[in-house]
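I opened the model to look up one helix packing and the backbone at two loop positions. My notes follow the display.

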Amino acid sequence: MAPNPTMYPGQPLSASELVLLNGEKFAKKVMMGNIQLMHTQESVSVAQLGQAILAAAVLAAESSENLQLEARQEKALFGLRKVANLYANPTPRPVEWPDSCLEAQLVQIADRLKTKDGSNQVSNILYAWLREDSGSPWQTAIELVKAGMAQRGLLEAYEQKSLKIFTVTRYTLPESTKALAAQQSIHPIQQMLSNCEDYRKDVWDFLIKQTKKAIKDRTEQDDVDFD
């Protein structure tokens, strides 16, 4: 198995944030469901970008030894069948990521869920991180990453009225942060993702499946009354 390049967190931007600011390298434009990138006029698939961001965050936290990924076979349906789950176990002495970045939050949530009742499956961790249901959880994931960057002064946030009723937060990319992103190579992240997909197929498949489960569980369901 080819080793992952180590993703040390002692950099201004985390792996997930670098994916966000280099979105065209991790996602493509599709017919429907695109999002405009912050650093360019290009648009890419919101689902592809969101998935790349979440996968990079989980694997970067593992590569820096903040989390240990573990696939487990567990009983389901009153023991009649077995299902496989991917757990993210926090390590005893985790390395500190930048405050409010996705990687740091995943480690905190994993620790809380494991301590509470051992429910630190990747899908549960991501579900908790997303906080609430929405019509577009992929979009929510991207906005939460932006919010974490804004808390550290890496993005500028401003409020805007939508339909003259709702207040939404918009983010802009300062030139200083754009320069920081240009200074950090994305090659280790690309290699980390491809290594997992190519050499750890079981972990990759579990990771993508559980990411999609968290997104599905956070997708608002329309209540239809047929009476």
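I looked at H2 (46-63) and H7 (residues 187-199) first; their axes come within 10 Å and cross at roughly 90°. Axes here are lines fitted to C-alpha atoms, for helices over the stretch in contact, with angles from 0 to 180 degrees between N-to-C directions. H2 is therefore roughly perpendicular to H7, a label that covers 65 to 115 degrees. Helices are DSSP runs (H or I, at least four residues) and strands likewise (E, at least two), numbered from the N terminus.

I listed the contact (heavy atoms within 4.5 Å). H2 supplies Ala55, Ala56, Leu59, Ala60 and Ser63, and H7 supplies Ile189, Met192, Leu193 and Cys196. I sorted these residues into eight nonpolar, one polar and no charged. Ala, Leu, Ile, Met and Cys are among the types counted as nonpolar, Asp, Glu, Lys and Arg count as charged, and Ser falls under polar.

The model is predicted: local features need pLDDT of at least 70, side-chain atom pairs count only at pLDDT 80 or more, and totals for chains, interfaces and linings use all residues. Residues are numbered from 1 along each chain as its sequence is written, and side-chain values use heavy atoms, without hydrogens and water.

Next I checked phi. Glu65, not a glycine, has a positive phi near 65°. I found Glu65 in the loop between H2 and strand S3 (67-76). Its relative accessible area is 59%, so Glu65 is exposed (over 50%, 1.4 Å probe, protein chains only).

Arg131 is also no glycine, and its phi is positive at about 75°. Arg131 sits in the loop between helix H4 (122-130) and helix H5 (137-151). I noted Arg131 as exposed because its relative accessibility is 57%.

How values were computed:
Buried means under 20% relative accessible area, exposed over 50%, partly exposed in between (1.4 Å probe, protein chains only). Angles under 35 degrees count as roughly parallel, over 145 as roughly antiparallel, 65 to 115 as roughly perpendicular and the rest as oblique.
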